[in-house]
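Visitor: I should like to go through this model with you, one question at a time. Please show it to me first, and then explain the terms as we need them.

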Amino acid sequence: MEKSVKQSSDNVAGQQPERRPRGRPKKTSDEAQREALADAAWPLFLERGFQRTTMSDVAKKAHVSLRTLYQLFPSKLGLFVAVVEAHRQTMIALPGDYDEIPVKQALMKIFCVDIAPEAQQRRMTVMAMFLEESRNFPELGAILEEYGPQQARKLLASWIERQITLGRMNVAEPAMAAHMLMDVAFGAMSLKFNNALALPGASERREYLLACFDMLINGIGPRPAD
């Protein structure tokens, strides 16, 4: 009670309460630990494969007890889900707060256009691992689709709906627009002859995506005469 009275007195005196920072809410200790465990798991999946990687391997690499690991992830499939979700955020940076920047810049950030070469190589390596494991274990393919592309499209559609509400976009079908944007950014991704993944545009990916975003935002009709 005394604390509440003091806070009210401070505000009356002209002292403004501290504003909460914008962006994602602070992670709980469990959320942070789940992220750390997923970060420890993916190199093991990459090196040994899903089947040969044990929960003990992950616990040892993450420097946690096996009991702690099982408390956070009761099964190895649950751990695989966490790895997929972590990877998805490197492909589609959502949720996020992009309301105060132009739509084109927002799309650049959402689709990680200016990702560092090392990070680009890592996410392509992880994606190649996902595809290989999905061929070997169909249940992993279902997980990859549900928690990867499907969830990314939902998040992107939700962001587009918000932009419509804010008057920043004019789209009739947000879900369709999200699907189209995903196809533009990732639809040409394919396995090449050497089993390596390539994104649309390859080394010119930034210019490729910027041109696509310009076309989608501005349309392809003739410009009005001056």
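Guide: A residue is called buried under 20% relative accessible area, exposed over 50% and partly exposed in between, with a 1.4 Å probe and protein chains only. The model is predicted: local features need pLDDT of at least 70, side-chain atom pairs count only at pLDDT 80 or more, and totals for chains, interfaces and linings use all residues. Residues are numbered from 1 along each chain as its sequence is written, while side-chain values use heavy atoms and leave out hydrogens and water.

Visitor: What percentage of the residues in the chain is buried?

Guide: The chain has 226 residues. By the limit for burial, the buried share of these residues is 34%.

Visitor: In what order do the elements of the chain run?

Guide: Helices (H or I, at least four residues) and strands (E, at least two) are DSSP runs, numbered from the N terminus. On this basis the chain holds ten helices and two strands. Read from the N terminus, their order is α-α-α-α-α-α-α-α-α-β-β-α.

Visitor: How many aromatic pairs are there?

Guide: Rings of Phe, Tyr and Trp (its six-membered ring) pair if their centres lie within 6.5 Å; planes under 30 degrees apart are stacked, over 60 edge-to-face, and the rest tilted. Under this rule the number of aromatic pairs is seven.

Visitor: How far apart along the chain are the partners Phe50 and Phe80?

Guide: Phe50 and Phe80 form an edge-to-face pair, 5.6 Å centre to centre with 80° between the planes. Phe50 belongs to the loop between helix H2 (29-48) and helix H3 (55-62), and Phe80 to helix H5 (residues 76-91). The pair therefore links distant parts of the chain, with Phe50 buried at 8% relative accessibility. The separation of the two partners is 30 residues.

Visitor: Which parts does the pair of Phe80 and Phe130 tie together?

Guide: Phe80 is buried, with a relative accessible area of 0%. Phe80 and Phe130 also form an edge-to-face pair, 5.6 Å centre to centre and 75° between the planes. Because Phe80 lies in one helix and Phe130 in another, the pair ties together parts that are 50 residues apart in sequence: H5 and helix H7 (residues 117-136).

Visitor: Which residues do ring pairs link into a cluster, and which residue lies over the face of Phe50?

Guide: The cluster linked by ring pairs consists of Phe45, Phe50, Phe80, Phe130 and Phe137. A charge sits over a ring if NZ of Lys or CZ of Arg is within 6 Å of the ring centre and within 35 degrees of the ring normal. Over the face of Phe50, at 4.5 Å from the ring centre, lies Lys76.

Visitor: Within what arc do the buried residues of H9 fall?

Guide: The buried residues of H9 are Pro174, Ala177, Ala178, Leu181, Met182, Val184, Ala185 and Phe186. The arc is that of the directions from the helix axis to the C-beta atoms. Seen down the axis, these residues line one face of H9, because they fall within an arc of 165°.

Visitor: Which residues are exposed on the other side of H9?

Guide: The cover over the buried residues of H9 includes H5, helix H6 (103-110), helix H8 (138-165) and helix H10 (205-218). On the other side of H9, the exposed residues are Ala175 and Met176.

Visitor: Against which helices do the buried residues of H10 pack?

Guide: In H10, Arg205, Leu209, Leu210, Cys212 and Phe213 are buried. They are on the same side of H10, because they cover an arc of only 160° around the axis. On the other side, Met215 and Asn218 are exposed. By contact, meaning heavy atoms within 4.5 Å, the buried residues pack against H6, H7 and H9.

Visitor: Which residues touch the most other members of the largest nonpolar core?

Guide: A nonpolar core is a set of buried Ala, Val, Leu, Ile, Met, Phe, Trp, Tyr and Cys residues joined through side-chain atoms within 4.5 Å. The largest nonpolar core has 30 residues, and those touching the most other members are Ile92, Phe111, Leu156 and Trp159.

Visitor: How many residues does the other core have?

Guide: H6, H8, H9 and H10 each supply at least two residues of the largest core. Another core lies apart from it, with Leu69, Ala82, Leu140 and Ile143 among its members, and its residues number 27.
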